[in-house]
Amino acid sequence: MQYEYYRKGFSRIEREVYRAIENGLNKHEPYVSFDQISMEQLNKIVKAIEYDHPELYFWDNRKIQTKMKAGQMALKLDYYWSKAEIEKNAPKIEKGIKAILSKCDINDDSEYERFLSIYSCMARNIKYDFKHADSTDTADMAYAHTILGVFAKQTAVCDGISKAFKMVLERAGIDCIIVQGEKKGASGVSGAHAWNIVYIGDSQTCHVDLTWAVENSSVSGINYDYVGLTDSQIQKDHQMNNLMDVPKCDNAEFDYYVRNKAVIANVDELQKYLQLHANKKPFEINVRLDFSCDIKEMAKKASDYVIKHFVIAGGCVDIKVDSQYREGQNILIMTGR
């Protein structure tokens, strides 16, 4: 049973409409009728069902077509897949979910560790569907923007990835919701985006952007830039444009960088961190700079500092220092091999 966060925020009549549409979809009905409501209400309900129930991946809700008669509203239900095709897809989806869970430590007593294991596994085993990211073709949409892309082809865009993440987490007993908004790229241009809010521990909520990890991880290294973020932290380069309210995320307890004591408040702290970690060979440094700076310039200064004080001064001239940075969350990565 999927966690119906968005349904909880509706009035009694809206919840009845929500359930009528959901039941109609499960029966693959061509139409579903209910007491007339406003189009604004209907739009919210349609989006709520899509995000509460990613298992209804076969619903093509891009166009909302209705008819009104005698106080009744009839909603036309369009589908990406026929009833027979849905039955054929079911084993693929179940196999895909089990394949992910089989690689994760879902029996850990710590909900955070179960969550992080699933996050890492999906980041490592899913690819972003760049080829169909901007396609409006129905066949492409049926995979790229739904769970079927993730579980049958191991590839999707943010919509499909966040929906699949919700399903897998909830199979492991962790509640999760999908959030709609925009993400600002390196060029400053924003684009439509979807990510998740995850419930961990004693009903604590935090933002998680698995799509970013999918795009920036590899077999050898997982990206944790957007794990456990608060509202203020995620809003540095994400903007929520949700049709409905979402839970507040104001506790940094599950922020990956906070938990790993890798949040740097100023230049002096950065130098101390480098002194502590860069004198080990090999070394790997991954920190978030929580102060205003030109991250590109700071990455170069940090690299120069390490080379001067720990490579040349230590006589380790064979050590190669590589310094990288990721804008948005001001992430500095440095390795010495």
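Accessible areas are obtained here by the Shrake-Rupley method with a 1.4 Å probe. On that basis, the chain has an accessible surface of about 16,500 Å², and carbon and sulfur atoms contribute 48% of this area. The structure is a predicted model, and the values that follow are computed from it.

The overall architecture may be taken up next. The chain comprises 13 helices and 14 strands. Along the principal axes, its C-alpha atoms occupy a box of roughly 85 × 40 × 35 Å. Of the 337 residues in the chain, 52% are buried. Among contacts with a separation of 6 or more, 64% are made by residues 24 or more positions apart. As for charge, the chain carries 44 positive and 48 negative charges, whose mean positions lie 3 Å apart.

The charged side chains can be followed through their pairings. In the whole structure, a search finds 18 salt bridges. One case lies towards the start of the numbering, where Glu-4 and Arg-19 form a salt bridge whose closest N and O atoms are 2.7 Å apart. This pair joins distant parts of the chain, since Glu-4 belongs to the segment before helix H1 (5-8) and Arg-19 to helix H2 (residues 12-26), 15 residues apart. Glu-4 counts as buried because its relative accessibility is 11%, whereas Arg-19, with a relative accessible area of 24%, is partly exposed.

A salt bridge within a helix is found in H3, where the side chains of Lys-47 and Glu-50 meet at 3.0 Å, N to O. Because these two residues are three positions apart in helix H3, about one helical turn separates them. Lys-47 has a relative accessibility of 18% and therefore counts as buried; Glu-50 has 13% and is likewise classed as buried. The pair also takes part in a network of salt bridges that links Lys-47, Glu-50, Asp-159 and Lys-163.

A further salt bridge connects the side chains of Lys-183 and Asp-237, at 3.6 Å from N to O. Here too distant parts of the chain are linked: Lys-183 lies in strand S6 (residues 176-184), and Asp-237 lies in the loop between helix H10 (231-234) and strand S10 (238-240), 54 residues apart. Both Lys-183 and Asp-237 are buried.

Asp-129 presents another situation. This residue is placed in the loop between S4 and H6. Although buried, Asp-129 has no salt bridge, and the nearest side chain of opposite charge, that of Lys-153, is 7.3 Å away. A salt bridge requires a side-chain nitrogen of Lys or Arg within 4 Å of a carboxyl oxygen of Asp or Glu. Apart from neighbours within four places in sequence, the contacts of Asp-129 are with Ala-144, Thr-155, Ala-156 and Val-157.

The loop that holds Asp-129 also holds Lys-131, which is located between strand S4 (127-128) and helix H6 (138-144). With a relative accessible area of 73%, Lys-131 is exposed. Together with Lys-88, Lys-92 and Lys-153, Lys-131 forms a patch of positive charge on the surface.

Beyond H6, His-145 occupies the loop that leads to helix H7 (147-153). Its relative accessibility is 17%, so His-145 counts as buried. When residues up to four places away in sequence are set aside, His-145 touches Ala-133, Val-157, Asp-159, Gly-160 and Lys-163. Asp-159 and Lys-163 are also members of the salt-bridge network described above.

Backbone geometry draws attention to two further positions. Gln-154 is not a glycine, yet has a positive phi of about 60°. This residue sits in the loop between H7 and strand S5 (155-156) and is partly exposed, with a relative accessible area of 38%. Lys-261, again not a glycine, has a positive phi of about 50°. Lys-261 is found in the loop between helix H11 (256-259) and strand S11 (263-264), and its relative accessible area of 70% makes it exposed.

Finally, Phe-58 is located in the loop between helix H3 (39-52) and strand S2 (66-69). Phe-58 counts as buried because its relative accessibility is 6%. Outside the four nearest places in sequence, its contacts are Leu-25, Asp-78, Tyr-79, Tyr-80, Trp-81 and Ile-86. Between Phe-58 and Tyr-112, which are 54 residues apart along the chain, the C-alpha separation is 31 Å.

Technical notes:
Residues are numbered from 1 along each chain as its sequence is written. This is a predicted model: local features need pLDDT of at least 70, side-chain atom pairs count only at pLDDT 80 or more; totals for chains, interfaces and linings use all residues. Side-chain values use heavy atoms; hydrogens and water are left out. Patches are made of residues with over 30% relative accessible area and no salt bridge: like charges are joined within 9 Å, nonpolar side chains (Val, Leu, Ile, Met, Phe, Trp, Tyr) within 5 Å. Lys and Arg count as positive and Asp and Glu as negative; His and the chain ends are not counted. The place of a charge is taken as NZ of Lys, CZ of Arg, CG of Asp or CD of Glu. Helices (H or I, at least four residues) and strands (E, at least two) are DSSP runs, numbered from the N terminus. Buried means under 20% relative accessible area, exposed over 50%, partly exposed in between (1.4 Å probe, protein chains only). Contact means heavy atoms within 4.5 Å.
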